[in-house]
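Please open the model in your viewer, show the side chains as sticks, and keep a selection tool at hand. The stops below are arranged by the kind of contact to look for.

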Amino acid sequence: MWTDTRATETLGLRFPIVQGPFGGGPSTTALAAAVSNAGALGSFGAVAMEPERIEQVVAELRAKTTRPFSINLWVPIRGEDDREITPEAAARLQARLAPYARKYGLDPNTKPVPGARFERQIEGLLRASPPVFSFVMGVPDPAILAEIKKRGAKSIGTATTVDEAVALDEAGVDAIVASGSDAGGHRGSFLRPVEQSLVGTMSLVPQIVGAVRACVLAAGGITDGRGIAASLALGADGVQIGTAFLATHESGAPIAHKLLLGTPHARVTRLTRVFSGRHARGIENAFMREMEEHPEDLLPYPAQNDATRELRRAAGKAGRAEHLALWAGQAAALARTAGAAELIEQLANETDRALRQSRMGPRGSP
Ligand SMILES: Cc1cc2nc3c(=O)[nH]c(=O)nc-3n(C[C@H](O)[C@H](O)[C@H](O)COP(=O)(O)O)c2cc1C
């Protein structure tokens with residue numbers, strides 16, 4: 001059976017499917033629990049959360065499911081995330097954002113509030129001790145991975161290149177997400193600049209499979225059973241799917257964002273730094289086009305992210321897609337509207353069918 005893989009065995013799942021974590025809002029415990037209860041791995045993106053809130057989320061998930069689930073954090077990129085921002089640069093960005101802030105009745109002079117720090121988040125996460133710890137943007141310190149192992153929990157790292165996968169494998173993670181450049185959301189590149197780390201899922205997965213011992217989860221552009229069957233054919237032990245779960249009823253994505261998924265508008269996605277200061281893939285909109293005319297005013301992550309946070313929140317509430325970060329992968333136009341459990345059932349049936357058809361030949365011909 002295609003469901004019997006090293007990923008289902010290692011992570012304790014019925015299906016080798018991981019719902020990708022969504023940092024910064026769209027993750028809900030309803031989504032992660034529904035996914036886990038349906039036999040896949042539900043995930044919760046906690047990058048924007050203080051440790052106390054992370055502990056609450058884990059407790060909520062434990063109340064909603066007895067199955068494994070994961071919590072995801074962003075590992076800090078030293079020398080990048082801690083760059084000094086001059087007051088002049090901060091003021092330039094604030095002036096650039098002021099017209100948008102005014103549109104939503106926000107005070108354009110409010111100082112951005114810095115986000116939660118990884119060192120405190122990881123302490124909260126270790127206290128909460130979820131069954132699976134998931135990471136992106138780097139290799140967690142050996143001491144952290146040792147603490148996870150000590151708890152009998154599993155770890156998942158994220159790689160955008162073969163070198164990153166090898167670094168994660170050498171550190172001893174249990175599974176590696178091979179995140180192709182097709183994927184929605186932030187690029188997790190940490191060894192080389194993003195521009196030098198853009199490898200599509202189809203090219204990345206078999207190369208990572210050949211280079212590591214850990215389980216490999218293909219990610220990027222997978223929205224139906226054909227993508228799962230293709231990933232297994234490339235040697236992956238399972239998949240991580242983001243955008244297709246973002247479109248489900250249980251996801252916390254703003255309605256204006258969900259309404260675009262599964263439509264021809266979602267065919268044009270691209271990488272941008274305008275929302276967070278770090279490259280991420282989303283559906284093109286006015287904020288991207290306008291802010292990209294002034295690249296000199298953008299700040300690096302996390303300062304840009306902190307500066308645009310309230311604006312993004314207000315745009316979401318107001319249902320204004322033109323100012324939202326519309327994160328989506330390159331297959332977003334294929335996403336469907338469904339409940340999470342229903343989606344998993346559809347994915348499983350489609351994978352069965354795709355694998356049967358691939359044995360019969362193209363489009364089922366004998
Ligand atoms: C809205 C959104 C937020 C995301 N946030 C995170 C995150 O915080 N951490 C992470 O590891 N991956 C994050 N991702 C990546 C997904 O977990 C997943 O790997 C990716 O979406 C797979 O590509 P696909 O969207 O083409 O399925 C995010 C993706 C989206 C669409």
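Buried, as used on this tour, means a relative accessible area under 20%, while exposed means over 50% and partly exposed lies in between. Please keep in mind throughout that this is a predicted model.

**Salt bridges across the chain**

Side chains of opposite charge can pair when their charged atoms come close. The structure holds 21 salt bridges, and the tour visits some of them.

Select arginine 213 and aspartate 169, which form a salt bridge with their closest N and O atoms 3.4 Å apart. This pair links distant parts of the chain, since arginine 213 sits in the loop between helix H8 (201–209) and strand S8 (215–219), whereas aspartate 169 belongs to helix H7 (residues 162–171), 44 residues apart. Is each partner buried or exposed? Aspartate 169, with a relative accessible area of 8%, falls under the 20% limit and is therefore buried, while arginine 213, at 59%, is over 50% and so counts as exposed.

Next, select glutamate 50 and arginine 120, whose side chains meet in a salt bridge at 3.1 Å, N to O. Here too distant parts of the chain are linked, with glutamate 50 in the loop between strand S2 (42–45) and helix H3 (51–64) and arginine 120 in helix H5 (residues 118–128), 70 residues apart. Glutamate 50 is partly exposed, with a relative accessible area of 35%, and arginine 120 is partly exposed as well, with a value of 42%.

**A salt bridge within a helix**

Move to helix H13 (residues 303–318) and select arginine 309 and aspartate 306, which are separated by about one helical turn because they are 3 residues apart in that helix. Their side chains meet in a salt bridge at 2.6 Å, N to O, and aspartate 306 is buried, with a relative accessible area of 14%.

**A network and a sheet**

Now select Arg270, Glu284, Arg289 and Glu292 together, and you will have a network of residues linked by salt bridges. Keep arginine 270 highlighted and turn to the backbone, where this residue stands opposite glycine 282 in S11.

Which strands make up the sheet, and in what order? Three strands form an open sheet in the order S7-S11-S10, with antiparallel pairing. Its edge strands are strand S7 (185–186) and strand S10 (269–272), each of which pairs on one side only. Between S10 and strand S11 (residues 280–283), the antiparallel pairing runs over 4 bridges.

**Aromatic pairs**

For the last part of the tour, display the aromatic rings, among which the structure holds 5 aromatic pairs. Select tryptophan 2 and phenylalanine 15, whose ring centres are 6.3 Å apart and whose planes lie at 25 degrees, so the pair is stacked. Tryptophan 2 is in the segment before helix H1 (6–11) and phenylalanine 15 is in the loop between H1 and strand S1 (17–19), 13 residues apart; both tryptophan 2 and phenylalanine 15 are buried.

Then select tyrosine 100 and phenylalanine 287, an edge-to-face pair with 5.0 Å from centre to centre and 75 degrees between the planes. Tyrosine 100 lies in helix H4 (residues 87–103) and phenylalanine 287 in helix H12 (residues 286–291), so that the pair links parts of the chain 187 residues apart. Tyrosine 100 and phenylalanine 287 are both buried. To finish, extend the selection to the cluster that ring pairs form from Tyr100, Phe275, Phe287 and Trp327.

Terms used: Residues are numbered from 1 along each chain as its sequence is written. This is a predicted model: local features need pLDDT of at least 70, side-chain atom pairs count only at pLDDT 80 or more; totals for chains, interfaces and linings use all residues. Side-chain values use heavy atoms; hydrogens and water are left out. A salt bridge is a side-chain nitrogen of Lys or Arg within 4 Å of a carboxyl oxygen of Asp or Glu. Helices (H or I, at least four residues) and strands (E, at least two) are DSSP runs, numbered from the N terminus. Buried means under 20% relative accessible area, exposed over 50%, partly exposed in between (1.4 Å probe, protein chains only). Two strands pair if DSSP finds at least two bridges between them. Rings of Phe, Tyr and Trp (its six-membered ring) pair if their centres lie within 6.5 Å; planes under 30 degrees apart count as stacked, over 60 as edge-to-face and the rest as tilted.
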